[in-house]
Each structure stands twice: as C-alpha cells, then as structure tokens.
Amino acid sequence: MQNVDEEPEQIQPHGRRVQGVSYTAPDMAGTSEVRYNITASDSDNVTTWVIPGADAYSFGTCTSNTFAAQEPRTMIYKGQFFPSKKDLKRLVSHFSMRQNFEWKVKRSNKTTLHLVCIIDECTWKLRAVRRDEGTYFQVRSFINEHSCPLEEIHRRHRQASAVTIGEVVAPRLQQHDGRLMRPKDIIANMKTIYGIQIMYSKAHYALQYALSLSYGTHEETFQLLPSFAYILEQQNPGTITDLQCADDGKFLYFFMSLWSSIRGFRRCMRPVIAVDGTHLKGRFGGTMFVATAQDGNEQVYPIAFGYGDSENNNSWEWFLECLRGALGHIDDLVFIYDRHASIEAGISKVFPYATHTICCWHFGENMKKRFHRKDVADIMDSAARSYSEIQYDRHMEELRKLHKGAYDYAIDAGPHKWSRVHCPRRRYRLMTTNVAECINSCLKFARQLPLMTLAEFIRNMLQKWFHDRHTAAQPMRHRLTDAAHGVIQKRVEKCNYMTVNAVDWNIFSVKHKGKQWTVNLARKTCTCNKFQMDFIPCSHALAAARERNLDFTSRCADYYKRETLIDAYSVPIMPVGHPSSWVVPSDIAARVVLNPKTKRQSGRPMEGRHVSSSERTTTQSCRRCGQPGHNSRRCSNPPMVNEGPRTIAPDDYRHKCSICHTIGHNKQTCPQKDTLVE
C-alpha cells in the first residue's frame, strides 16, 4: 500500500520524472490555500499550478436522462477500506437513503466509528476502526439486517442533508435537454428515486454545493483567471485577453476574444457589430458584455466577451477599448445597440469613426411603453426598414397623422440612427441586436456559474459551433450559402412577371405592375436601393441578369459565398485542458485575484429578462372581444354578445346592475329603477 504521507512524483511535459517540492503560500483573506509544485532543475522558472481538489474539478457535466443513471456505489461489506472517516460516513448515508432507513452515531473518535439504526430495537449496526499505518478506516463488523417497524419509516430522511444530496446530483447537473438542474428538479427526483421529501431550501443549498463540486468555488475560479488566460493564449495563438484588478487585488474586469473569431470577422464578416450587456446570476453578480456579428448564412458569429461590475461608462469604455485593440481599424464599421447611454458614450469615445445605430425592435418597444400604442410602433418599424426615401416619407406621414407625439419622438431620436435609408453607412440586413440577444439566451443557465467556468463554457460552445458549421458548409450544393440562396430563390420567382428593356449592355429598365426601376449591373445598383444596400441582387437586378444570361452568384458580395463561410470557420478553437495539467510561469501563477467588491442582490435571481407590457399582452386574449394582442381597456372592437338574458352592452361591459342583475349597465341607468320600492 502506498504511503499517503509521501509526496507523489510530478511528470513534466518533456517526459522527465522528478521529485516535486511542496510550498504553501501565505494565507490571504478571501483566498483558499494555493500549492506550487516547483522543479529545482528547471531554468526557465516554470511553475505548475495546482489547487487543492483540482483532480475532482470539472469544466463540464455529464448528461443523463434518468436521475439514478450514475448513482454512487453503495456497496458495503466487512473488511472494506475507506480513505477517511468522512468518506465512510458519506457512503453509509447514500446506502441508507437507497435502503430507506436512518442511522445515528453511537460512538465516534479518532480511531473508531460505531453506527447503529435510529430505532433502538433494530439489529442493524456498523463498526469501523482506523488502521495504524495511516488515515484509512476498515469495516470490522457489519450487520445489514433490520427489525424496524414499518410505521417508523418516514419520508424526511435525516441523512439526506444538502451536502449528501449535492454529492448525488453533482455528476448530472446538466439535463438531457441541455439546461442545468433546478431545485424543483432535485425535489422531484429525490421523491421519485429515493422516496424522500425535501424542502425547497435544502434543494437550493444542495444545488449550490453540487455546482461547487463540479465547477469549483467562485474564490478558486477568480484566483485561476490569470492562469486560464495564459493557457488560453498559448493553446490559441492570437487570442486577446485582459484581466484588470484594483490596487488591493480585487477583480474588476476580464476580456476574452478568441483568434478564430477575430480572424473570421476581419476576413469574412460584414462590418456590423451588435453589442449588448446581460446580468450574471452567480454569487457576486456582475454583467457580461457581448460583441457579435452575423455570418453570410445568417448565423450568430461571436467576436468578444467581457465581464464587469455593471453597465456603466467605465466598464463599457474599457470593453470597447479592448475590442478596438483586438480588431484594429475596420472601414465602414457600424455598431448596433439598444440606446444605452453608456454604450453610446463609449462608442463615441473609442470608435469616433464608426457609425452609431440603434436596434429597431428596442426602439419600437420604447414607443409602445411611452404612448401605449402598438400601431405607431409598427408604422415606425416599417419606416425604419424602408429601402427608399419615398417609402420612408409615406410611412412617416402616416405616423404623423396617427400620433403627432410619436412622430416627434422618432424625429428627435434621429432617423440616421434607426432608419435604414438615412444611415450614413450600410447596415445590410441587420436592423436589430437579435444576434447579441441569442448569445444571452444560449448562456441563460451558464450565467450562474463561476466566472472562469463561464469563460470555459463559452470557449467550449464556440469550439463546437466552429466545428459543426465548418463541417456543414462543406457539402453545400450551391456557390452561395443556404440562407443567401434562399433569398435569391424567392426573388427569382418575382422576376418572372417583370418586363425588361435594355438601355445598353449593363443598364436596364424593369417594369412591373405600373412601376419602373433602373438597374445597373456594372455598378450593382438599382433604384429600389436593395441591391446596393444589401449587396444581394434584388428581383429587378435578377430579371436584368436573366436577360443577359449572366450568373446570379457573381452579382452577390463575397460575404454570402460558400467559400467565405468555410474560411470563416476554418481555424479550430483548441481546448485548454484540465486545471491540474496547466503549466504556467510563476509570476502569472502567483498573481492574486480576490473576489470583487460587488455582490448579488438578496432574493431569488431572475432567470430571464424583464418582459415589457406589450409582450405580455400579445399572449393574452381580450375580455371584451376575445382577440389576442391587446387588453380590454384599449379595445376598439365590438363587444361579444352572450346568449341568454345577460348581454354585454357597448357602453360598459364590466359592471353588473345591482337592481336587475343584468350585465351592461348599472343601477343609475337601469330601466327598472323607477319600479324599485324603497
């Protein structure tokens, strides 16, 4: 048997086997014990970073369809060895939960552990003693026979503590549908598998303990951030990371942009970036910043991620400065955001040459909240997506006649920020920040994890995305991406009914339904403005190209071609490995990163974003007319009429007369009022 007090040998990356020398760093407030395995023969001052319990630390969780698919071993027999008394009691607890009985400690000291059933008359017992040569405990006697009366068995198990339940659920925190387990899932599974009823508070603490077992504690992950950033840059050369701490060592900001994303955006993406921030749901709260683009197949293309305390001017300015350092100068760059004042101030300061635009969807939601009118928001959205000034002016005139206040509100916000036709640079087909919102939705359950684990979760997610999309782009049958080919196919169906007259070899006059457009295939323009704004031929340009038997693909920009899509995902994202195998310089490993000053607010964290009133009413039916999309107070439709003596009158449908008990009028207008005898 190996001596547990002996220091194990460390295997170096180059294959030499040397004896490690253990050193314990001084204790610091808010940090756990840190060990360094230093090799005396190394001349480059390389240090192996090891955390206590790093072998049990895991970046991911296994997926299981059933709760008991990976149940811990609960076999106990005479002569069995356990590394410690704690391990023995843990296994006995799992065993008792499975066998549906409870036990208590009769005697426990440094050398002996004696357990008996909670019922005094029962014959079940277990006795273990410590071996002289170490900390191992051996089972000396074990009687696995019960004489307990059935009425003594109840559903609230004393051994089902939060720690024990957390150890049971730790290997299967991730469900088969991809989401993390919730306290109500633990309650249901414990009742189904073990027949034990636990309270919600115990399930919550069990979940938190399981998260710490699988992903590490928040304190450990903050201390691991410098080493994680170093290994990430070494495994993926060109990756940009930045870690900022206060003078006292407390965490402030962390930035991460993988080289695969940087290269793909600069070479293959349209220069439009959507930025957004979302809250973190971990112990210390905070905000995650996201910068995202869209590839030629209309898929989300993440560029950079950042973590800070909140959405303020300093944090957004820092994130945008890191983004500029990673991307460099981009011509015709356009930013889309949700009118957050800090984002606007940061973009104006860090990217003064870029164009600022706002999300049409958020702008429309603000108009709904401000004027309580869905129709004005719909008209504004139509004006924002117009390709020509004639269409824009028509929609704005309709908005002015419908609601003068909403018209002034849209003009004051700046049409050059929210409308396509007045934007100084091309927005292409990106009018909202939906690509950034999709990233927030993908990380909905991961945002409650520790910071470094969340960063590794994102890296692993992008690794899978890049591999799957690169594989899916290879067998595409067309020269264009599937999304671009679908757009072209719909527009080709329209051009069959158009009349084309050639002006010269490249200029054409296209007529349809009494309207006329002029197409220039050499300059790739059309008077409808779709061709030059989206860099995809419109239906009029396709009709002109068919007249000359020209290839449709050559008229599209390179952003929408299959070769460009393959090139965007051609550089794979490499994993970082297990924390116990990281080899980093000693100055990076010794850097102290303490917990941030901010903490999450008390109470249960919110799972999703705040839903506006207009979104809530779209799923409800009106009590007046029964149609979804609005409520009864703003309903202009005729009211429903019920069969029978009780009818709903148009003037007032909510009140019931106290005299005749008829719905539709009150006692003041009741026709039987005069016949009432006082």
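In this predicted model, strands β19 and β20 make a hairpin with just two residues between them, and one of the turn residues, Lys-513, has a positive phi of about 55 degrees. The two strands, β19 at residues 507-512 and β20 at residues 515-520, run antiparallel and are joined by six bridges. Within that ladder, Val-510 sits opposite Trp-517 of β20.

The chain then turns again. β20 forms a hairpin with β21 too, this time with four residues between the strands, and Lys-524 in the turn has a positive phi of about 55 degrees. Here the pairing is antiparallel over two bridges, with β21 covering residues 525-526. Asn-520 faces Thr-525 of β21 across this pair.

Elsewhere, there is an open sheet of five strands, with antiparallel pairing and the order β6-β10-β9-β8-β7. β6 (81-82) and β7 (103-108) are the edge strands; each has a single partner, so one side of each lacks a neighbour in the sheet. For β6, the antiparallel link to β10 (residues 137-143) rests on two bridges, and Phe-81 has Gln-138 of β10 as its bridge partner.

What kind of charge gathers in the surface patch that holds Lys-106 and Arg-140? The charge is positive, and Arg-107, Lys-125 and Arg-127 belong to the patch as well. Strands β7 and β9 (125-130) are the elements that each supply two or more of its residues. Lys-106 lies in β7, one of the edge strands described above. With a relative accessible area of 60%, Lys-106 counts as exposed, because the cut-off for that label is over 50%.

Notes
Residues are numbered from 1 along each chain as its sequence is written. This is a predicted model: local features need pLDDT of at least 70, side-chain atom pairs count only at pLDDT 80 or more; totals for chains, interfaces and linings use all residues. Side-chain values use heavy atoms; hydrogens and water are left out. Two strands pair if DSSP finds at least two bridges between them. Patches are made of residues with over 30% relative accessible area and no salt bridge: like charges are joined within 9 Å, nonpolar side chains (Val, Leu, Ile, Met, Phe, Trp, Tyr) within 5 Å. Accessible areas come from the Shrake-Rupley method with a 1.4 Å probe; for residues, only the protein chains shown count as cover. A salt bridge is a side-chain nitrogen of Lys or Arg within 4 Å of a carboxyl oxygen of Asp or Glu. Lys and Arg count as positive and Asp and Glu as negative; His and the chain ends are not counted. The place of a charge is taken as NZ of Lys, CZ of Arg, CG of Asp or CD of Glu. Buried means under 20% relative accessible area, exposed over 50%, partly exposed in between (1.4 Å probe, protein chains only).
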